[in-house]
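Me: I have just opened this structure and would like to learn how to read it. Could you take me through some of its features, one at a time?

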Amino acid sequence: MTPKEVLAFAREQGAKMVDFKFLDFLGTWQHFTNPIEELGESDFENGYGFDGSSIRGWQPINASDMLVIPDADTAIMDPFMAVPTLTLICNIVDPVTKERYTRDPRYIAQKAENYLKFTGIGDAAWFGPEAEFFIFDDIRYDTACQYGYYYIDSSEGTWNTGRMENPNLGYKPRHKEGYFPVPPVDSLQDLRTDMVLMMQKVGLTIECQHHEVATAGQAEIDMKASTLVKMADSLQWYKYVVKNVARKAGKTVTFMPKPLFGDNGSGMHIHISIWKGGQPLFAGDKYAGLSEMAMHAIGGVLKHAAAICAITNPITNSYKRLVPGYEAPVNLAYSSRNRSASVRIPMYSASPKLKRIEVRFPDPSCNGYLAFSALLMAALDGIENRIDPGQPLDRDIYSMTPEELANVPSTPGSLEQALEALDKDHDFLLKGDVFTEDVILKWIDYKRENEVDAIRMRPHPHEFKLYFDI
């Protein structure tokens, strides 16, 4: 839409308010809302001021003034507001220089798309994330100097088979048995459908929804692939819709990858392909029907995987999922069909248009704009430098002996290790000024200070079980 078309759309929809949404450094939507009369055509160029020092990872207090510039192409009516509300995703601009803000994740994603075109390798990168999440009935948590706890509950939780529910009707999926029993074991079919219908209402194209492997309401809803920035925008709407539909139903959702001990965590497998002139470039006559370009893209992803994990698996809890035995692809290898490999080549169709690679180690706690950009930059580095991915690993990795696995590299074992890898290996991200040195260093420093140290320095509840009577 043009700004004029947005204003006409708002009048047609009876909008009373306009909501401006933008992403903080870590990946959470922020917003403020104005009466619709405060939105004019010039505001799509001049923007609105706000305090950038109050946004995580952004400006110092002595240089806090920032501008949000609404993107007219993102205009949608927010389906959750009681009063008709137009919503616009915004870009961030420095009010003095009028230049785009380098720590704005959406700008980084836009630069990644532009860099792809600059290389001449392709003109569009398509991404299809499969975000998983848990739907709980209750969550309580707190920490202080003398205590720390969390308590999760779900009517589907296998631990509730003996609970007094007046009556308890059973049908609670056991650990690792949530994929794919029909209702009544799957008690969340209608809620997930409500989520799908709401996603369609805000313009998302949905392919399917289903229960996932874990007990206690693990779910997945898959979106049809789209180009990088559009898909990152869509992922924000996806999370917003899922959380708000669940809340209206008296439930809560988390994209935290490993909330439950002893069962599968939530991943976000990401399907990637590169196109040029409307033609797919990843189909060919190499392994699993891939092109030589696609093989080199895999090589780039595997080479830089440890560093990428600091962005695609960006929280300490991510590494509670990335452990052997729970379907998490910790071993850095590629294969067709084999879901224990960290990069898989789906074999559902022979159509060249559907040929892509699937990166399986990311999780849904990530900032989609940064994660998709990092994966694209790694793939492009592989293509530009003709990085050989080595031999495929078509065996079941989890059945291999330690001796057989000795030469298969693994994902980092902690966020701290991933950040160390990113610190040493990020030149590929700096190409085309997509990520800047400032962005990388701020990301590492923020994560170390606010997350790694915060967890490392606190006693863990299980330590008392292990050591209190020592």
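Reply: Gladly! We begin with contact, which means heavy atoms within 4.5 Å. This is a predicted model, where local features need pLDDT of at least 70, side-chain atom pairs count only at pLDDT 80 or more, and totals for chains, interfaces and linings use all residues. Residues are numbered from 1 along each chain as its sequence is written, and side-chain values use heavy atoms, with hydrogens and water left out.

Me: Which residues is Tyr 238 in contact with, leaving aside its neighbours within four places in sequence?

Reply: Tyr 238 touches Ala 131, Phe 133, Met 199, Leu 204, Glu 220, Ile 221, Met 223 and Phe 255.

Me: How do I read a nonpolar core?

Reply: In soluble globular proteins, nonpolar side chains tend to be buried together. Buried means under 20% relative accessible area, exposed over 50%, and partly exposed in between (1.4 Å probe, protein chains only). A nonpolar core is a set of buried Ala, Val, Leu, Ile, Met, Phe, Trp, Tyr and Cys residues joined through side-chain atoms within 4.5 Å. Here the largest core has 126 residues, and Tyr 238 is one of those that touch the most other members, along with Leu 39, Leu 86, Phe 127, Phe 133, Met 195 and Phe 435. Another core lies apart from it, with six residues including Phe 134, Ile 152, Ala 214 and Leu 260.

Me: What about unusual backbone angles?

Reply: Most residues other than glycine have a negative phi, and most peptide bonds are trans. The loop between β9 (148-153) and α4 (189-201) holds Phe 180, which a cis peptide bond joins to Tyr 179, with omega about 5°. Pro 184 is in the loop between β9 and α4 too, and its bond to Pro 183 is cis, with omega about 10°. Labels such as β9 follow DSSP runs, numbered from the N terminus: helices are H or I, at least four residues, and strands E, at least two.

Me: Is Ala 216 buried or exposed?

Reply: Ala 216 is buried, at 0% relative accessibility. Its phi is positive, about 65°, although it is not a glycine. Ala 216 sits in the turn of a hairpin formed by β10 and β11, with six residues between the strands. Tyr 171 also has a positive phi, about 55°, but Tyr 171 is exposed, with a relative accessible area of 51%.

Me: How should I look at a strand like β11?

Reply: In a regular strand the side chains alternate between the two faces of the sheet. In β11, Gln 218, Glu 220 and Asp 222 are on one side and Ala 219, Ile 221 and Met 223 on the other, and all are buried. Two strands pair if DSSP finds at least two bridges between them. Five bridges join β10 (206-211) to β11 (218-223) in an antiparallel pair, with Gln 209 opposite Ile 221. β7 (residues 124-136) is also antiparallel to β11, through three bridges, and Phe 134 has Gln 218 as its bridge partner.

Me: Which elements give two or more residues to the lining of the second largest pocket?

Reply: They are β7, β10, β11 and β14 (268-276). The largest share, seven residues, comes from β7. On a 1 Å grid over the protein atoms alone, a pocket is an open set of points where a 1.4 Å probe fits, with protein on both sides within 12 Å along at least five of seven lines, and lining residues have an atom within 4 Å of a point. Of the 39 lining residues, Glu 130, Glu 207, Asp 222, His 271 and Arg 356 are the closest to the centre.
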